[in-house]
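Visitor: I would like to go through this model by question and answer. Please keep to what can be computed from the atoms.

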Amino acid sequence: MNWLKFLWQHVIASWKYWFSVAGLAFFLYKIYGPLKGEIQAWLQRQIVAPEGKTSVGFTLEEGSAGAITVMLIVFSIVLVALIYTVVALYTSKNTGTISKAKGDILLKTFHRTTQAADLISKKLFPGASLPIKRVIRYKQVYTVYENGDCNLTEVQQISAKDKDIHFIERGLTAEPESAAVEFPDEIDLKITSRTSGKQITYLINKNEPHTKSVIIFFLPFIRAGVDDKREVKTTLFWKGFMRKLTDTGEEEFKSQVKSVDPVEEIEYQFWVKPRMGKLECFDIGESLEGGTDTLQPAEDEKGMKGWIYRARNVPGNHWTRLRLELKKS
């Protein structure tokens, strides 16, 4: 073991104890006065002339007695504190090892659970991978901060056309440059219903460091053939989600909203924190018929600048492709 490293860890982990020791030593020194007579007498008794010799008449001064006594007390306290803190440090290390082992087991258990959820959805509902939902409106808002940290808000309104919809699958994929994430809670993933009286719940069916996927269940299910519209909101904050943009100054964005009918409204917003630089956005995808899409710069009430892409009557197989450029100021 590297003892210098260990001692440094010991000091960092135990500085509170050492402050307490110093305070206790000072307190004992302050109350030493009433006890110094007894302690001085005890010290004098320890000075014994060798056998057959006369005493040299040595006397111990009060100041020396006090100094020796305080030194002994402090040394004893420091020794006890050293033993205690070293044991505590070793205990914490062992506890950490156990926690890591348990953490690995929990992670494996979580992965098996997600695999089971994915298998059940695919086997019991083999046609669920095909688009049966009708997306009415779809909106995503990306807010980019330093190091590519990104807050994403998504709202989609859907309904059923020919078949009832019990659940839908939603995938999330981050760039390889983004922070690896073990669990969805690390990106503060939240999926909620914005339809009064209708609930949703979800299960994780894919959990990789840069890819997450969830199965969103509608409670009750969305009925076909009636006016049953549901609005679902998804939010997350992923560190380094758009790090490629902040590191290289350029990143391509692509998105496809699968729907059995053309999507009535699609909107994508991109914002950067003030003073991060100037954001530019370019449409590099296939044009929609009739020029039903627009791309414009925007500024909000907080002074954040960005771009907004809007499109109407977008076919369900259409890919929206944009190129973002960030020029550092």
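Visitor: How many salt bridges does a search of the whole structure find?

Guide: The model is a predicted one, and side-chain atom pairs count only at pLDDT 80 or more. Side chains of opposite charge can pair when their charged atoms come close. Searched as a whole, the structure gives a salt bridge count of 13.

Visitor: Which residue forms a salt bridge with Lys139?

Guide: The closest N and O atoms of this pair are 3.9 Å apart, and the cut-off for a salt bridge is 4 Å. Lys139 is partly exposed, with 36% relative accessibility, whereas its partner is buried at 13%. The partner of Lys139 is Glu267.

Visitor: How many residues apart are Glu267 and Lys139, and in which strands do they lie?

Guide: Glu267 forms a salt bridge with Lys139. The pair links distant parts of the chain. Lys139 belongs to strand β1 (residues 133-144) and Glu267 to strand β9 (residues 263-272), and the two are 128 residues apart.

Visitor: What parts of the chain does the salt bridge between Glu146 and Lys273 tie together?

Guide: The closest N and O atoms of Glu146 and Lys273 are 3.1 Å apart. Glu146 has a relative accessible area of 39% and is partly exposed; Lys273, at 31%, is partly exposed too. Because each residue lies in a loop, the pair ties together parts 127 residues apart in sequence: the loop between β1 and β2 for Glu146, and for Lys273 the loop between β9 and β10.

Visitor: Is Glu325, which forms a salt bridge with Arg323, buried or exposed?

Guide: The closest N and O atoms of Glu325 and Arg323 are 3.1 Å apart. Arg323 has 23% relative accessibility and counts as partly exposed. The cut-off for buried is under 20%; with a relative accessible area of 16%, Glu325 is buried.

Visitor: Which residues are linked in a network of salt bridges?

Guide: Here the salt bridges join into a network. The residues linked are Arg134, Lys161, Asp261 and Glu264.

Visitor: Which strands stand at the edges of the sheet that three strands form?

Guide: This sheet is open and antiparallel, with the order β3-β6-β5. From one strand to the next, the twist averages 20°. Each edge strand has a single partner, so one side of it is left without a neighbour in the sheet; the edge strands are β3 (165-173) and β5 (199-208).

Visitor: Which residue of β6 stands opposite Glu208?

Guide: β5 pairs with strand β6 (residues 211-222) over nine bridges, in the antiparallel sense. Opposite Glu208 in β6 stands Thr211.

Visitor: What is the strand order in the open sheet of seven strands?

Guide: The pairing in this sheet is mixed. Its edge strands, β4 (190-193) and β11 (293-299), each pair on one side only. Neighbouring strands are turned against each other by 15° on average, direction ignored. The order is β4-β7-β2-β1-β9-β12-β11.

Visitor: Which residue in β9 is the bridge partner of Tyr138?

Guide: β1 and β9 are paired over eight bridges, in the parallel sense. In β9, Tyr138 has as its bridge partner Ile266.

Visitor: What share of the contacts with a separation of 6 or more comes from residues 24 or more positions apart?

Guide: The chain has four helices and 13 strands. Of its 329 residues, 34% are buried. Among contacts with a separation of 6 or more, the share from residues 24 or more positions apart is 75%.

Key
Residues are numbered from 1 along each chain as its sequence is written. This is a predicted model: local features need pLDDT of at least 70, side-chain atom pairs count only at pLDDT 80 or more; totals for chains, interfaces and linings use all residues. Side-chain values use heavy atoms; hydrogens and water are left out. Buried means under 20% relative accessible area, exposed over 50%, partly exposed in between (1.4 Å probe, protein chains only). Contact means heavy atoms within 4.5 Å. A salt bridge is a side-chain nitrogen of Lys or Arg within 4 Å of a carboxyl oxygen of Asp or Glu. Two strands pair if DSSP finds at least two bridges between them. Axes are lines fitted to C-alpha atoms, for helices over the stretch in contact, and angles run from 0 to 180 degrees between N-to-C directions.
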